[in-house]
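This report covers helix packing, the ligand shell, backbone geometry and model confidence, in that order.

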Amino acid sequence: SLPLIIDCDPGVDDAVMLMMALASDALDVRAITTVAGNVPLRLTSRNARMMCQLMNRGDVPVYAGCPGPILRAPVTAEDFHGESGIAGLDPFEPDMPLEDGHAVTFLVETLKAAAPGEYTLVVTGPMTNIAAALTLDPSIAEGISRLVLMAGADSAGGNITPFSEFNVFADPHAAAIVFRSGIPATVMSLDVTHTVRAELPRIERLKAVPTERAAIMVQLLEAGNELEGRWKEGRKSPMHDPSTVAFLLAPHLFEAKATTVSVVTDEGDRFGQTCLAEAPGGPHDWVTTADADGFFDLIASLMERA
Ligand code: BDR
Ligand code: CA
């Protein structure tokens, strides 16, 4: 199965993504690294361990990373995720400890020791940890075959400002470093994640799955919908972060175009906006469409396993 490192900021939708990844035999989750984002680092680090424990995956090491962005002032997103970061679940202090050592040190050491292209990296928070690791040692790029990022927006427009998506806006300088590295990346932007939402019939299907984990998944999706509905009545929550793992497990559900992504790092209206190069081609596969029902079939089949 595919050796994977997941860098995240759970986050309701990060939690859904972690459940999918930890349930799959096709993915070998070697470690989870956490970053400040939706909520402060202490909570994202706790939440990642909560999800491991709920999935009976206390074997997966969790490393805490950067407590804030490189340059800009920190921003969080409790309005979309709740004060705990994972609305829908009762918070608890996990038995499994955080690993000693910084996530960025872990990333540098692991990727330096890796065979060429050994690792795939899923990144579903601000890109601070990856950018810091690439800055410490650019040669770590050789150990990475592909990044799968939840980041950015083009035609969909932003979700935190009219132009910017949260993960990029929360650390635009980090995102600029990661895109500029030229490492092949699949980019799940709002253009695609806004087309895959937790509509009620999809949740109903999951309710019919008789496992504990399906019930937890339903709690997360319903809490996500409740928060989303506060912004616009009846609107259901988009599957941002879960699209990364769905892509790895079922790439046929998606279509993409090759491009080169850059990031606006000048402060102003467009701070944190992602821009696609006019000339086609480049290292970034910008995903444009998803089969939303197929996506939820995948979630249901992963949650069927006890
Ligand atoms: C992204 O922002 C966060 O709030 C979500 O977890 C997701 O990673 C969507 O813009
Ligand atoms: Ca996230």
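In this predicted model, helix 9 touches helix 12 through R202, R205 and L206, which meet F296, I299, A300 and M303 on the helix 12 side. By class, the residues of this contact are five nonpolar, no polar and two charged. Helix 9 spans residues 200–207 and helix 12 spans residues 292–304; the two pack at an angle of about 15°, and their axes are 10 Å apart. Because angles under 35 degrees count as roughly parallel, helix 9 is roughly parallel to helix 12. Helix 9 passes helix 12 in a right-handed crossing.

Helix 1 takes part in two further packings, one with helix 10 and one with helix 11. The axes of helix 1 and helix 10 (residues 212–231) come within 9 Å and cross at roughly 160°. An angle over 145 degrees counts as roughly antiparallel, so helix 1 is roughly antiparallel to helix 10. The crossing of this pair, helix 1 and helix 10, is left-handed. On helix 1 the contact uses V12, D13, A15, V16, M19 and A23, and on helix 10 it uses R213, M217, L220, A223 and G224. These residues of helix 1 and helix 10 divide into eight nonpolar, one polar and two charged.

With helix 11 (residues 242–249), the axis of helix 1 comes within 7 Å, at a crossing angle of roughly 25°. Helix 1 and helix 11 are therefore roughly parallel to each other. In this contact D13, V16, M17, M20 and A21 of helix 1 meet P242, T244 and V245 of helix 11. The contact of helix 1 with helix 11 holds six nonpolar residues, one polar and one charged. D13 and V16 of helix 1 appear in the contact with helix 10 and also in the contact with helix 11.

The angles and axis distances of the three pairs are listed below.

| Helix pair | Angle between axes | Axis distance |
|---|---|---|
| helix 9 and helix 12 | about 15° | 10 Å |
| helix 1 and helix 10 | roughly 160° | within 9 Å |
| helix 1 and helix 11 | roughly 25° | within 7 Å |

Next is the ligand. Ligand 1 is surrounded by 14 residues, and the closest are G11, A77, E165, F166 and H240. Helix 1 (12–23) and helix 6 (166–170) are the elements that give two or more residues to this shell. Sorted by class, the shell around ligand 1 has four nonpolar, six polar and four charged residues.

G11, one of the closest residues to ligand 1, lies in the loop between strand 1 (2–8) and helix 1. The peptide bond that joins P10 and G11 is cis, with omega about -5°. A second backbone feature concerns N56, in the loop between helix 2 (41–54) and strand 3 (62–64). The phi of N56 is near 60°, a positive value in a residue other than glycine. Both features depart from the usual pattern, because most residues other than glycine have a negative phi and most peptide bonds are trans.

Finally, confidence. The mean pLDDT of the chain is 97, and 100% of its residues reach 70 or more. Within the chain, helix 3 (residues 78–81) has the lowest confidence, with a mean of 93, while strand 4 (residues 119–123) has the highest, at 99. The model scores ipTM 0.99 and pTM 0.98.

Note on methods:
Residues numbered from 1 in each chain as written. Chains lettered and ligands numbered in written order. Predicted model: local features only at pLDDT ≥ 70, side-chain atom pairs only at ≥ 80, totals over all residues. Near = placed C-beta within 6 Å. Helix = DSSP H or I, 4+ residues; strand = E, 2+ residues; numbered from the N terminus. Nonpolar A, V, L, I, M, F, W, Y, C, P; charged D, E, K, R; others polar. Axes fitted to C-alpha atoms, helices over the stretch in contact; angles between N-to-C directions. Parallel < 35°, antiparallel > 145°, perpendicular 65-115°, else oblique. Left-handed = near helix turned anticlockwise from the far one by under 90°. Contact = placed C-beta atoms within 7 Å. pLDDT = per-residue confidence, 0-100.
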